[in-house]
Amino acid sequence: MTENERQFVESITNFESNVKKAQLYIKENYGIDSEFDIQDSAIHLTSSQAENALMLAAAREYISETFNDEVVCVMG
């Protein structure tokens, strides 16, 4: 098994754990709440403050960089 194949299998095996880590990261670093819908493979981002638009955009970008857009859809 090549290194790329090993990383691919690991990313699938640890998918939910990786999503939870990403959710914790955006909560701690951007102050953005999120919910993961496993059936749609979508992360819904929410903010209680209207002025957090920049943080919401930064959190969305972080999720998009961390996960392939074909694997996780970012909503919000």
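Helix α2 has five buried residues: Phe15, Val19, Ala22, Gln23 and Ile26. Seen down the axis of α2, these buried residues fall within an arc of 100°, so they line one face of the helix. A general rule helps here: an α-helix has 3.6 residues a turn, so residues three or four places apart point the same way. On the other side of α2, the picture changes, with Lys20, Lys21 and Glu28 exposed. Please keep in mind that this is a predicted model.

What covers the buried residues of α2? The cover includes helix α1 (3-13), strand β1, strand β2 (42-46) and helix α3 (53-66). The helix itself runs over residues 15-30, and its 16 residues should span 22 Å at 1.5 Å a residue. The end C-alpha atoms of α2 are 22 Å apart, which agrees. After α2 comes glycine 31, whose phi is positive, near 70°.

**The whole protein**

Stepping back, the protein has three helices and three strands. Along the sequence they follow the pattern α-α-β-β-α-β. The C-alpha atoms fill a box of roughly 50 × 25 × 20 Å along the principal axes. Of the 76 residues in the protein, 22% are buried. Looking at contacts between residues at least 6 apart in sequence, 44% join residues at least 24 apart.

**Where α2 meets β1**

Let us return to one of the buried residues of α2, glutamine 23. Why does glutamine 23 count as buried? Its relative accessibility is 16%, and buried means under 20%. Leaving aside neighbours within four places in sequence, glutamine 23 is in contact with Ser34, Glu35 and Phe36.

Serine 34 sits in strand β1, which covers residues 33-37. Its side chain makes a polar contact with the side chain of glutamine 23, at 3.1 Å. Beyond its neighbours within four places in sequence, serine 34 is in contact with Gln23, Ile26, Ile43, His44 and Leu45. Two of these names, Gln23 and Ile26, are also among the buried residues of α2.

**From β1 towards β2**

Aspartate 37 is also found in strand β1. Is aspartate 37 buried or partly exposed? With a relative accessible area of 25%, aspartate 37 is partly exposed. A polar atom of the aspartate 37 side chain lies 3.1 Å from the backbone nitrogen of glutamine 39. Not counting residues up to four places away in sequence, aspartate 37 touches Ala42 and His44. By contrast, the C-alpha atoms of aspartate 37 and glutamate 51 are separated by 26 Å, with these positions 14 residues apart along the chain.

Serine 41 has its place in the loop between β1 and β2. Although serine 41 is not a glycine, it has a positive phi of about 50°. This loop residue is buried, with a relative accessible area of 17%.

The residues met so far, and one still to come, can be set side by side.

| Residue | Place | Relative accessible area |
|---|---|---|
| Glutamine 23 | helix α2 | 16%, buried |
| Aspartate 37 | strand β1 | 25%, partly exposed |
| Serine 41 | loop between β1 and β2 | 17%, buried |
| Phenylalanine 8 | helix α1 | 53%, exposed |

**The largest pocket**

Where might empty space be found? Rolling a probe the size of a water molecule over the atoms shows where empty space is left. The largest pocket has a volume of about 180 Å³. Its lining is made up of Phe8, Ser11, Ile12, Phe15, Asn18, Thr66, Phe67, Asn68 and Val71.

Which helix gives the largest share of this lining? That is α1, with three residues. Both α1 and α2 supply at least two residues each. Phe15 appears in the pocket lining, and Phe15 is also one of the buried residues of α2.

Phenylalanine 8, another lining residue, lies in helix α1. Phenylalanine 8 is exposed, because its relative accessible area is 53% and exposed means over 50%. Its C-alpha atom is 20 Å from that of tyrosine 62, and the two residues are 54 residues apart in sequence.

Conventions. Residues are numbered from 1 along each chain as its sequence is written. This is a predicted model: local features need pLDDT of at least 70, side-chain atom pairs count only at pLDDT 80 or more; totals for chains, interfaces and linings use all residues. Side-chain values use heavy atoms; hydrogens and water are left out. Helices (H or I, at least four residues) and strands (E, at least two) are DSSP runs, numbered from the N terminus. A polar contact is a pair of N or O atoms within 3.5 Å; within protein, one must be able to donate a hydrogen and the other to accept it, and residues adjacent in sequence count only if both atoms are side-chain atoms. Contact means heavy atoms within 4.5 Å. The expected span of a helix is 1.5 Å times one less than its number of residues. Buried means under 20% relative accessible area, exposed over 50%, partly exposed in between (1.4 Å probe, protein chains only). The arc is that of the directions from the helix axis to the C-beta atoms. On a 1 Å grid over the protein atoms alone, a cavity is a set of points where a 1.4 Å probe fits but cannot get out, and a pocket is an open set with protein on both sides within 12 Å along at least five of seven lines; lining residues have an atom within 4 Å of a point. Grid points are joined across faces, edges and corners, and a volume is the space filled by probe spheres set on the points.
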